[in-house]
Amino acid sequence: LANNTILALIPRCDNLMPLREPVAFPWTNFSKRVKELSKAEWGYFSCPQSAPTVSSFYRGRMTKPPYVQGETNWIVRREGTLGVYYSYATGEWLYLWVVPKPGEANMSLVVVAKSTGMLVNCRLRTPSIAPGRGWRAE
């Protein structure tokens with residue numbers, strides 16, 4: 001696990017707790033994504049808030065300083081959400097899943113993968129920098 005490396009890349013929800021082991025959660029084709037991201041660094045965390053609250057927290061902060069990640073996709077499913085972010089500075093992709101912890105409505109799992117590669121079917125917009133204006137999607 002790369003929890004400490006990942007923590008430097010994401011905001012911390014209130015009482016964010018690193019998990020000691022990877023967690024499984026329901027997400028269509030997740031096992032395929034894990035294989036595609038086999039060289040990625042992974043972080044596993046929990047937050048004592050509902051998944052919608054935690055999803056909103058991350059979506060509202062990932063694109064702002066000091067993180068300044070370009071959001072290229074935001075997927076909302078019954079299972080939870082997946083935010084896809086790109087760092088123009090490093091050329092790295094960040095995949096951030098937020099799902100409810102099974103059996104605990106007010107507890108969320110936050111699973112993050114950092115990769116130099118892009119997942120198939122996860123990017124909708126090409127990230128670029130608009131001179132003097134910051135991120136934009138083309």
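## Pairing of S3 and S4

Trp-74 has Gly-83 as its bridge partner in S4. This pairing belongs to a predicted model. A second bridge links Val-76 to Thr-81 of S4. Taken as a whole, S3 and strand S4, residues 80–87, are paired in the antiparallel sense over seven bridges. The connection from S3 to S4 is a hairpin through two residues.

Strand S3 spans 70–77 and is an edge strand, pairing on one side only. Even so, six of its eight residues are buried, so S3 is largely enclosed by the rest of the structure.

## The sheet and helix H3

The two strands of the hairpin are part of an open sheet of six strands, arranged in the order S1-S2-S6-S5-S4-S3 with antiparallel pairing. The edge strands are S1, residues 17–18, and S3. In general, the strands of a sheet pair through backbone hydrogen bonds, in either a parallel or an antiparallel manner.

Helix H3, formed by residues 51–61, lies across five strands of the model: S2 (41–47), S3, S4, S5 (92–101) and S6 (104–115). With respect to S5, the helix runs at about 160 degrees.

## The disulfide

The structure holds one disulfide. Its partners are Cys-13 and Cys-47, whose sulfur atoms lie 1.6 Å apart. The link is left-handed, with -75 degrees about the S-S bond. Cys-13 is situated in the loop between helix H1 (3–7) and S1, whereas Cys-47 belongs to strand S2, so the pair ties together parts that are 34 residues apart in sequence. Such a link is a covalent bond between the sulfur atoms of two cysteines.

Are the two cysteines buried or exposed? Both Cys-13 and Cys-47 are buried.

## Contacts of Gln-49

Gln-49 occupies the loop between S2 and H3. When neighbours within four places in sequence are left aside, the contacts of Gln-49 are Cys-13, Asp-14, Val-54, Asn-106, Met-107 and Ser-108. One of these residues, Cys-13, is also a partner in the disulfide.

What separates Gln-49 from Met-107 in sequence and in space? The two residues are 58 positions apart in sequence, while their C-alpha atoms are 5.0 Å apart.

## Backbone features in the loops

Most residues other than glycine have a negative phi, and most peptide bonds are trans. Several loop residues of the model depart from these tendencies, as the following values show.

In the loop between S1 and helix H2 (30–36) stands Asn-29. Its phi is near 65 degrees, a positive value in a residue other than glycine. Asn-29 counts as partly exposed, with a relative accessibility of 43%.

The loop between H3 and S3 contains Val-68, and Pro-66 is likewise placed in the loop between H3 and S3. Val-68 is not a glycine, yet it has a positive phi of about 45 degrees. Its relative accessible area is 37%, and Val-68 is therefore partly exposed. The peptide bond from Pro-65 to Pro-66 is cis, with omega near 5 degrees.

Note on methods:
Residues are numbered from 1 along each chain as its sequence is written. This is a predicted model: local features need pLDDT of at least 70, side-chain atom pairs count only at pLDDT 80 or more; totals for chains, interfaces and linings use all residues. Side-chain values use heavy atoms; hydrogens and water are left out. Two strands pair if DSSP finds at least two bridges between them. Helices (H or I, at least four residues) and strands (E, at least two) are DSSP runs, numbered from the N terminus. Contact means heavy atoms within 4.5 Å. Axes are lines fitted to C-alpha atoms, for helices over the stretch in contact, and angles run from 0 to 180 degrees between N-to-C directions. A disulfide is a pair of cysteine sulfur atoms within 2.5 Å. Buried means under 20% relative accessible area, exposed over 50%, partly exposed in between (1.4 Å probe, protein chains only).
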